[in-house]
Amino acid sequence: MQIHFNDLTAKSPLPDASVLVIPVGSDKKLPHLAQDLDKQTGGALSRALSSGKFAGKRGQYVSVLLPSSIKASRVFLVGIGAVKEIDAQALENIGGGVIPHIETIATSAVFLLEPIKGLSVPLPQAAARIAHGAHLRSYRFTKYFTKTPEDEKPKLAKFTVAVAHAKNAETAYAPLEKIAEGVVFTRDLVSEPANIIYPESLAAKASELKKLGVEVKILGVAEMTKLGMGALLGVGQGSARESKLLVLQWKGDKSSKTAPVAFVGKGVTFDTGGISIKPANGMEEMKWDMGGAGVVIGLMKALAGRKAKVNVVGVAGLVENMPDGNAQRPGDVVKSANGQTIEVLNTDAEGRLVLADALWYAQKHFKPKLIVDLATLTGAIIVALGTSRAGLFSNNDKLAEQLFKTGKKTGEELWRLPLADVYDKQINSDIADMQNIGRDREAGSITAAQFLKRFIENDTPWAHLDIAGVAWSKKDSDICAKGGTGFGVRLLNQFVEDFYEQ
């Protein structure tokens, strides 16, 4: 679907499109052009508003068929609620929310955005946010369908926001478009089946970012063996697919001599659980256990796409956790790259092993000013927080607060959970420096984070985001159809922009 912006004034003629989309607030007053259209249709829009079913609330929609004398075939009245409550996030939801209602019935749509009294967001920026939401919601992963019923096929090829000073809206939308492309790239990676996306092919997809100026380095088993990355390599030793370490660098501020910001992702392209094998029911979902790596890759695409003035490093450990005769066993002891030994009591607690060596690599080779890691790490975080928020753990209050505020701002919300010695003691091993699960089943997400904290050196500010509940959605939202969400790309892009970009 293509996004466009057209100039709109009080004297503009009605645009030529299949559907006209008109926002209506809780006061149920029609904008100026809509009033003219209402007269042309003999009061059809007024009658729709007075039907009693439409109150102008957010998420309410009314479709009105238009006479043949008017170029558009129908009008969609979209409830936007109380104007004082509308911010950038709400505008994205408004733009995205309308898409599923019109995408199968219209080839083109124009959103008529006239001045709205009391709106706190400048009109060009509001138009950009509406378009951004529409872009995000129009995504569907359909490449493997060979047949689709005609009434289910998306037909919407062009979505236009008509607004005063359309050029300013285009300027505001330009970086948002690049961010959306990063989100879509992540959604694609997460949605692909594991016979298509495995360590080597995921690294190859990430290599496409070279054309945007991202430096890409890929380490194989031989290189990682020399570095002593026994924790990561142990996870992948049961797979026919060779494990990889993906290293991405975006040098957007070449004049800066300060340390880069680092993002580290878990990239388990399929997780059977290994010898500690998972139940068959639901195992197919483990294709998206590489969601953390997918977010890191999509974030780098977004930052490079919009030419962010910041230096960023992305590191992702890419493995497949399989249970063949060479797989690591419960009870094995492995040595991580920083020299610590780990007793592997459960081979299905593998993500933290992958991250341990990836975190070491990021610190050893780049000495970053801070690290944020992302992983679909624990089922326990879903029990704790459900599917609306990711878990946040950090050794630094300032970093945690920055991430929390950014989550609120973008709608990709986080909730901080504690780290403490009482939890750390639960991962002490009887025969090694640590074990990869806690002694009891309690506080599973916290003990996993405590494990990762043991690999953070010199008090480097660090945050861990457990995205197990938000990387994939089983239901639609205003800006995302069910499936891969890309949660984290917009969050971390905004985090970089607000706090670390020049």
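How many cavities of 30 Å³ or more does the structure hold? There are 4, and the legends below visit one of them after a sheet and a helix. This is a predicted model, in which local features need pLDDT of at least 70, side-chain atom pairs count only at pLDDT 80 or more, and totals for chains, interfaces and linings use all residues. Residues are numbered from 1 along each chain as its sequence is written, and side-chain values use heavy atoms, with hydrogens and water left out.

**View 1. An open sheet of 3 strands, ordered β11-β12-β16.** Pairing here is mixed; two strands pair if DSSP finds at least two bridges between them. Strands (E, at least two residues) and helices (H or I, at least four) are DSSP runs, numbered from the N terminus. At the edges sit β11 (332-335) and β16 (434-435), each pairing on one side only. β12 (residues 341-344) runs parallel to β16 over 2 bridges, and Glu-343 has Gln-435 of β16 as its bridge partner.

**View 2. Helix α4, residues 123-137.** Its 15 residues should span 21 Å at 1.5 Å a residue (1.5 Å times one less than the number of residues), and the end C-alpha atoms agree, being 21 Å apart. Of the 15 residues in α4, 13 are buried, that is, under 20% relative accessible area with a 1.4 Å probe, protein chains only.

**View 3. The largest cavity, with about 80 Å³ of space.** A cavity is a set of points on a 1 Å grid over the protein atoms alone where a 1.4 Å probe fits but cannot get out; lining residues have an atom within 4 Å of a point. Among the lining residues are Asp-253, Lys-309, Tyr-500 and Gln-502. The lining divides into 5 nonpolar, 4 polar and 3 charged residues.

Definitions and conventions: Buried < 20%, exposed > 50% of the residue type's maximum accessible area, 1.4 Å probe, protein only. 1 Å grid on protein atoms, 1.4 Å probe; cavity = no way out; pocket = protein on both sides within 12 Å on 5 of 7 lines; lining within 4 Å. Points joined across faces, edges and corners; volume = space filled by probe spheres on them. Nonpolar A, V, L, I, M, F, W, Y, C, P; charged D, E, K, R; others polar.
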